Structures are given as C-alpha cells and as structure tokens.
Amino acid sequence: MKNLLSVFLLCAASVSYAGFDEGAMAYKKGDYQTALKEFKEAAEQGEALAQFGLGFMYYKGDGVLQDYTEAASWYLKAAEQGDAMAQSFLGFMYANGKGVPQDDEQAVSWWFKAAEQGHAEAQFSLGQMYRNGEGVPKDNEQAASWYLKAAEQGHASAQFNLGLMYSNGRGVAQDYAQAMSWYLKAAEQGEASAQFNLGLMYEKGRGVPQDDGQAVVWYKKAAEQSHAIAQYNLGVMYAKGVGMPQNDKLAYILFNLAASKGDDNAIKNRDIMLKMLTPAERADAQRISTRLYNSKNFAVELRRLLNSQK
C-alpha cells in the first residue's frame, strides 16, 4: 500500500482544517500520539484526508492498537466524501476481508470510483479483477484498458501485466514489440517478473533480435531479486556457456538457489552439476551457496559473484 506520508505532504498545503498540518508533520517524525490527536480532531470535523489518515494509522497500528474494523470505518467516511485514496484503500479492505466482510463486488465498486478519478492503484486493481473475473464478469479487453490507464501513469505492475496481455494476445492483438516496450518500462522500475520476461524475450528473439547477452543481463537483474525461474534459466546459460563463458560452479550455485524455492528442474540440474565439479569446487560452491542463503544483502552478494566470473 502506498506511503501515507506522501499523500499528506502533497495535500497538506491546501488543507484548511486546523491541526491537520501539525498531524502530518508529527507522523513524518514518528510522533504517532500527536499525529493521532491532530488527525482525530480534524477527522471529527469532517476533513476527508484526516479521516483517511486516521484510518491508515488504525490499519498500520501506528500509535494505536491495530484495528482493521476501525480503519475501514474511517476509510468509509473519507471515501463517501469522494477521497480517491480512501476509496482505493476501502476497495482493498473489501477484496481482502479486512475489517469488513470479504466482498469482491464492493471492492470493484470502490475501486471504480477511485479509478475514475485517475487513481493508478485502483485502475490496476480493476484490471486484475476483470482479468480474473472477480466481482465482475471476466473481460480481458476491460482488463487491458484499465492496465493501460495505470501503466501510462507509471504503475510498474500494470506495465508488466499489460506486457503480458500483448505477449499473449489477451484483450489486445498480440504484439511482441508492444510487450517488450511495457516490460522494459516495468523492468527499469525494478519489477522482477518484467526483468525475467525481458530476458526470455531476448533469449527467444520475440519482439527484438535474438540476443543471449541481453538475456543474461535481464536474467541477472531478476535473479538478484530471488526470481527462481530467472536463477534457473541463468544457471542453464552458465552450464551451456551461452551468452557468457561456461562455468559449472556458477551453474550449480544458481540451480541450488532456485532449488531452495522448490523448483523441480533446478533440483534435477543441481544434482547433475554437482557430479561435474571436483571435490574442491563442490566445497567452494556449497560454501558460497550457504553464504548467499544467509546474506542480508543477497542482491549485492549475487551481483558481485556473477560480475567476478566474466
């Protein structure tokens, strides 16, 4: 869920209710008791953003006992005044049954109100509901339409999902070039699945000229974010020496990482690669794997390892 503070800082200058600005700044400083007091005073006077803020504090348990029912109650007050953020969060509460009975139709109703105001997260959520047929009849064209609205606002998950729609020809005409374009936008924002799909598109030559080197680049980025299939595909490329020099030890380590997430192909290939290593290489590979498993800086450690073995 989006950071509450960013909403406060964008809107505080135009808020006329006394105490709201003080509450926003107190929240920023982590002074939740003061924030709670100021927001409650403004919320009880009918200030929608303060009502949303109070709901968020109950949702997070910041300065109060976490209470989803109370959170939903304050979101509703703000949502009924037309606050798009509150409408979007209320949709989330209904979709997940937090503080209210689970109700996909209610979720869709509130997300639609927020989406019509241009709220990107609500637009993406509507796309998901239409794609999955939850609360509305399944409709890939509607899904793609809402993904597009959110994607054009820079919503990374919407960009990735729109790329999927173009790649698979669902709701839109199949277009690998369009798929690549949207995957790239999401991947550049750090969306691991988009990074993986970019690697796959380069490996297969879909929408771009086939390029194993670029496939490796994007598989690495996704692998650093613990994307199991990216780790597996990268292991295959190291094992075969495709897109980079062949390296059995790195292949084993990558298969081992993917295998730890339950990937059956990775488990099989890890055991095959183990037999190809010398006793010294096995010991070193297992030591490195253990270090990576336990690392608090997994992405940095894996990047350093892969970049040192060019």
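Which side chains meet in a salt bridge at 3.1 Å, N to O? In this predicted model, the partners are R303 and E224. The pair links distant parts of the chain, since R303 belongs to helix 18 (residues 298-307) and E224 to helix 13 (residues 212-224), with their positions 79 residues apart in the numbering. The two partners were assigned to separate accessibility classes. R303 has a relative accessible area of 35% and is therefore partly exposed, whereas E224, at 13%, counts as buried because buried residues lie under 20%.

The chain as a whole contains 18 helices and 0 strands. Its C-alpha trace spans about 75 × 45 × 35 Å along the principal axes. Of the 310 residues, 47% count as buried. The exposed area of the chain is about 14,600 Å², of which carbon and sulfur atoms supply 46%. Among contacts with a separation of 6 or more, 48% are made by residues 24 or more positions apart.

Charged side chains were examined next. The chain carries 31 positive and 35 negative side chains, and the centres of these two sets lie 10 Å apart. Side chains of opposite charge can pair when their charged atoms come close. In total, 8 salt bridges were counted.

One of these salt bridges joins R287 to D284, with the closest N and O atoms 2.4 Å apart. Both residues lie in helix 17 (residues 279-294), and because they are 3 residues apart, about one helical turn separates them. R287 has a relative accessibility of 46% and so counts as partly exposed. Elsewhere, K37, E38 and E41 are joined into one network by salt bridges that share partners.

A further salt bridge is formed by the side chains of D271 and R270, at 3.2 Å from N to O. D271 has a relative accessibility of 36%, which means that this residue counts as partly exposed. R270 is likewise partly exposed, at 22%; the value falls in this class because the limit for a buried residue is under 20%.

The surroundings of a single serine were also described. S167 is located in helix 10 (residues 156-168). Its relative accessibility is 11%, and S167 therefore counts as buried. When residues up to four places away in sequence are left out, S167 touches Q174, Y176, A179, Y183 and M201.

Technical notes: Residues numbered from 1 in each chain as written. Predicted model: local features only at pLDDT ≥ 70, side-chain atom pairs only at ≥ 80, totals over all residues. Heavy atoms only, no water. Helix = DSSP H or I, 4+ residues; strand = E, 2+ residues; numbered from the N terminus. Buried < 20%, exposed > 50% of the residue type's maximum accessible area, 1.4 Å probe, protein only. Contact = heavy atoms within 4.5 Å. Areas by Shrake-Rupley, 256 points an atom, 1.4 Å probe, with all protein chains shown as cover. Lys, Arg positive; Asp, Glu negative; His and termini not counted. Charge placed at Lys NZ, Arg CZ, Asp CG, Glu CD. Salt bridge = Lys/Arg side-chain N within 4 Å of Asp/Glu carboxyl O.
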